[in-house]
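The following exercises concern strand order, pairing and packing. Please work through each task with the sequence and model at hand before reading the solution.

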Amino acid sequence: MGELQRVFRNVDRIVESGLNKIYPGCVVLIARPGEILYKNAYGTLDFERKTKIDTIYDLASVTKVVATTTAVMKLFADGFLHLSDTAGRFLNVEKPKGDITIFQFLTHTSGMQPYSDLWRFLNGRELLEEIIRIQPVSEPGKKIVYSCLNFITLMAIVEKVVEMPFDKFVYGIFDSLGMKITRFSPGFHENIAPTSIRDGKRLIGMPDDELAYYMGGVSGNAGLFSSVEDLYIFMDSLLSGKIVPMSVVSLFTQKIVEVGEGKRHIGWMCPASGTSSGDMLSEKAFGHSGFTGTTIWCREDGLFVIFLTNKGFIKRHEDEITRIRILLHNAVFGGIECTGPIF
């Protein structure tokens, strides 16, 4: 048996171990720029309908990198903003939030609280505007605290700069690459993997994330839906300099921001022990995860893994999938030889 085939058989065994216990089904794609090495679909959407390679999943927080970070990178590369620009330059927001920089929002060093329950009382544009007004709870720049509010604020900044709705702007990027499936809140489709139940109804094609849902389905922190094949186009384009120049990609994905005990890249996550990245990746790798059961991780040589599940269909809040993610990424990144950095 060839070494690659051994890796792929291990991948099958690992992800199949979570079927019907952690998630009803999943899709895996392993690739390098310009080359898909392996892809497979497993299980079902809902214990009945078979999962397909082109099944569409709720990306949850993977939205933060595919949509929001990409939008900021594009505006950065085109000279519309820089990382030291403050929220107050673009938004009508009081200090101290007005002094928080784009860099601090992207790296979760803004001092903002992790989440908000304002969705219980507000919706639509009113909810967005109230989130923008929320002030930090700690001094910016002192520690890394992961916050969805950072990326919702970044969405508002992007909209202000481009003078159009956020979804319309990012669709322009996606469509130029041939990403025709990746959309916010696509609504019901028989090939969309359902997630959890809200208000007595199973969510299909609307975001599982509360803030994204009650803002109307479009948000900077969550709400994007996609397939592994569309995400392959995204990663291939990113790593080939088709979205922004490679120097910009390198800045956002290779710079290590270390504050206190935490480490981040700019917009992207940095590998850490015990997290979805697994044990084999160096700090030059980058990726992101979503609570619906989605991940993208990329090694510095361009080898990447896309793993999409709808674990919320079985249990919305649990961490059992973390072990599957670690085993999967260890099998791939430990089993396929590194060819050297591409940056």
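**Exercise 1: the three-stranded sheet**

Strand 4 pairs with strand 7 (residues 224–226) in the antiparallel sense over 2 bridges. Strands are DSSP runs of E with at least two residues, numbered from the N terminus, and two strands pair if DSSP finds at least two bridges between them. This is a predicted model, in which local features need pLDDT of at least 70, side-chain atom pairs count only at pLDDT 80 or more, and totals for chains, interfaces and linings use all residues. Residues are numbered from 1 along each chain as its sequence is written, and side-chain values use heavy atoms, with hydrogens and water left out.

Task: Determine the strand order of the open sheet of 3 strands, and its edges.

Solution.
1. The bridge partner of Arg 183 in strand 7 is Phe 225.
2. The sheet is open and antiparallel, with the order 3-7-4.
3. Strand 3 (57–58) and strand 4 (183–184) are the edge strands, each pairing on one side only.

**Exercise 2: the five-stranded sheet**

Task: State the order of the open sheet of 5 strands, and identify which strands helix 1 touches.

Solution.
1. The order is 2-1-12-11-10, with antiparallel pairing.
2. At the edges lie strand 2 (35–43) and strand 10 (286–290), each paired on one side only.
3. Strand 11 (residues 294–298) and strand 12 (residues 304–309) are joined antiparallel over 5 bridges; Thr 295 stands opposite Phe 307 in strand 12.
4. Helix 1 (residues 3–16) packs on this sheet, touching strand 1 (25–32), strand 2 and strand 12; contact means heavy atoms within 4.5 Å, and helices are DSSP runs of H or I with at least four residues.

Conventions. Axes fitted to C-alpha atoms, helices over the stretch in contact; angles between N-to-C directions.
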